[in-house]
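Dear colleague,

Please find below the sequence and the structure that I am handing over to you. My notes on them follow directly after.

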Amino acid sequence: MERFLNDATLGCPRGRRQAHRAPFSTTIAGGSMFQNRMPRYEVLSQDAMATLDKGWRRLMTEVGVEFMDDRALELFRKAGQRVEDNTVFLDPDFVLEQVAKAPREFDVQARNPANNIHIGGDSMAFGAVYGPPFVRQGEVRRDATMEDFTNFTKLAQSFAALDSAGGIICEPNDTPLDSRHLDMTYALQTLTDKVYMGNVVSGVNAADTLAMSSILFGSREAIEQTPATISLINCNSPLRWDDRMLEAQFEYSSAGQPVVLTPFILMGAMSPVTIPAALVQQITEALSGIALSQLIRPGTPVIFGSFLSNIDMQSGSPTFGTPESGMGLLCTGQIARHFGLPFRTGGGLTSSQTADAQAGYEALMTLLPTFLAGANWVMHSAGWLEGGLVAGYEKFIVDIELLQMLRAEFTPLEIDEESMAFGAHEEVGHGGHFLGAMHTMERFRDCFYRPLLSSSENYERWMRNGGKDASARAGEIYQQKLEEYEAPALDDAIRQELEEYVVRRRAELGD
């Protein structure tokens, strides 16, 4: 799961904060990212927002947040915050001053400029599943391997609906623990030409990611000028930032690379059971981590992170795709927009063990509010199974279908004289049909969404083709995509330098 492996109110008037907002980078050339220009779905009243404001201010001031890193404690101490042991009692107004230094929007470069992404505003970027130690392939559930990691990386490269393969798409348990981050980063850099995530298991791993990114993009200066990675920094909820995450945060924030400061909250376990209490805790944790990034390097890009769901109160197991998680997701979008921050949440989350009906409807229960909220960075968009313990091949394809359908649904209609098709009525007349009309013939190839996975065959034809359900069809699709995969071109000198770095560092790490 993500936590263990590493998605005039509220105290901050909008106008005042924007005056202090520093730009981070200019827009860079890129491909056609999905732009969600639909209205945002907001569920919190002004009174509710004001109540949440009082809550996070009190929690931050009276209970405080633990930072298990002496450098973090010293930065807060020098900034005038009260520090007792590892607990920092934060002045909310000070925190808002730090948050105001973070850019509202920023760019991240890919080695193929057509795959550059923009974080913030209407832009939505999607990455694959992150962190599972197991995979499911058909009926087989087993430990993930490096071959699985490269397979999922190739699949992510193969679908335009994904802007990133992600980071730890699955945990390759057949490679040495101390050096597997080198193999994973190398695979992400060479098998895809999209944005990738940085390794955050330790400060050493983060430093290696930065070094390899500097090789890929030409220099450290090149990646500091325009970021080349996005990295996930999870809070050890409740109210603790642990040492390994902070080590990675210091590396990435010092280099100007965006970090996703994410409270990992399962209501009933890592927070109280009520959604408002979880939201207050989430705000406290996320803003405290964002404040630290701005102390490390003022103006460095950050993403307001949210991973909010609940446990089954009968079994204690984590549950996903629940109504409560959907409501929390919608609230998070409204809160992040208030602070003027890009935000991460959502994904194709499910508790199901297989790519069955439950996996589909729970994934949609998370992905639909993700679009309604307009999340900017969406992790776990393809392949998540079994509460994040499993990366599923068939589920990967199911999620791609969901993503593509939602992107089509959330594209605003273009209503003009041509789309009214008055001429088609003149041609067809009363009681006719439009199948052969000129208007139809000119548009039939792309007038409707064409499914990747779904079947609309009649029963007889479906039976002649094997009577396969969605999971079986998904299995055929991912296998075909892997067979058709072609690696994106990479300069031989860069590839050799990356290979030499991996070999040298693996020896230095003792593997």
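Of the 511 residues in the protein, 56% are buried. Please note that this is a predicted model.

Overall form

The protein contains 20 helices and 21 strands. Its radius of gyration is 23 Å, which agrees with the value near 24 Å for a compact globule of 511 residues. Along the principal axes, the C-alpha atoms fill a box of roughly 80 × 60 × 50 Å.

Surface and charge

The exposed area of the protein is about 21,400 Å², and carbon and sulfur atoms supply 52% of this area. The protein carries 43 positive and 67 negative charges, and the mean positions of these two sets are 3 Å apart.

A four-stranded sheet

One open sheet deserves a separate description. Its four strands follow the order β9-β8-β21-β20, and the pairing is mixed. The edges are formed by β9 (140–143) and β20 (384–385), each of which pairs on one side only. At the β20 edge, the neighbour is β21 (residues 390–392); these two strands run antiparallel and are joined by two bridges. Tryptophan 384 has alanine 391 in β21 as its bridge partner.

The loop between β20 and β21 holds glutamate 386. The phi angle of glutamate 386 is near 50°, a positive value in a residue other than glycine. Is glutamate 386 buried or exposed? Its relative accessibility is 18%, and buried means under 20%, so glutamate 386 counts as buried.

A second positive phi angle

Alanine 421 also has a positive phi, near 55°, and is likewise a residue other than glycine. Where is alanine 421 placed? It lies in the loop between α15 (417–420) and α16 (422–428). With a relative accessibility of 14%, alanine 421 counts as buried.

A cis peptide bond

Serine 237 and proline 238 are joined by a cis peptide bond, with omega at about 10°. Proline 238 belongs to the loop between β12 (229–235) and β13 (240–241).

For your own inspection of the model, the local features described above are the cis bond between serine 237 and proline 238, the positive phi of glutamate 386 and the positive phi of alanine 421.

With kind regards

Key: Residues are numbered from 1 along each chain as its sequence is written. This is a predicted model: local features need pLDDT of at least 70, side-chain atom pairs count only at pLDDT 80 or more; totals for chains, interfaces and linings use all residues. Side-chain values use heavy atoms; hydrogens and water are left out. The radius of gyration is taken over C-alpha atoms; the globule rule is 2.2 Å times the number of residues to the power 0.38. Buried means under 20% relative accessible area, exposed over 50%, partly exposed in between (1.4 Å probe, protein chains only). Accessible areas come from the Shrake-Rupley method with a 1.4 Å probe; for residues, only the protein chains shown count as cover. Lys and Arg count as positive and Asp and Glu as negative; His and the chain ends are not counted. The place of a charge is taken as NZ of Lys, CZ of Arg, CG of Asp or CD of Glu. Two strands pair if DSSP finds at least two bridges between them.
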